[in-house]
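Please look at the sequence and the 3D structure shown here, and then read the short report on charged side chains beneath them.

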Amino acid sequence: SHHAQTFVSEQVAVRRLTVTECERLQGFPDHYTDIKPKGRATPDGPRYKSLGNSMAVPVMNWIGQKIQKVEDLIK
């Protein structure tokens, strides 16, 4: 018997997150990484790098609260 297969091909593009979106995901205010060296806007590359090397503020806050609760129980 003859088996035919049909394949559907779609063009899918992945959108890169903006620096502002990354700042928000990490829990920072908008434009937090735009330090304006020499009065000029900071290029996106160093801003992405600094966000990639940071820790999410809400997560660190949550961890700190849990550590504090344990410390309070030990006292």
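The report below deals with salt bridges and with the accessibility of the residues that form them.

This is a predicted model, in which local features need pLDDT of at least 70 and side-chain atom pairs count only at pLDDT 80 or more, while totals for chains, interfaces and linings use all residues. Residues are numbered from 1 along each chain as its sequence is written, and side-chain values use heavy atoms, with hydrogens and water left out.

Side chains of opposite charge can pair when their charged atoms come close. The structure holds four salt bridges, a salt bridge being a side-chain nitrogen of Lys or Arg within 4 Å of a carboxyl oxygen of Asp or Glu. Among them are the pairs in this table.

| Acidic residue | Basic residue | Closest N and O atoms |
|---|---|---|
| Glutamate 21 | Arginine 15 | 3.1 Å |
| Aspartate 30 | Arginine 24 | 2.7 Å |
| Aspartate 34 | Lysine 36 | 3.2 Å |

For accessibility, buried means under 20% relative accessible area, exposed means over 50%, and partly exposed lies in between (1.4 Å probe, protein chains only). In the pair of glutamate 21 and arginine 15, the glutamate is partly exposed at 26% relative accessibility, whereas arginine 15 is exposed, with a relative accessible area of 57%. Aspartate 30, which pairs with arginine 24, is partly exposed at 35%, and arginine 24 itself counts as exposed at 52%. In the bridge between lysine 36 and aspartate 34, the lysine is partly exposed, with a relative accessible area of 46%, but aspartate 34 is buried, because its relative accessible area is 17%.
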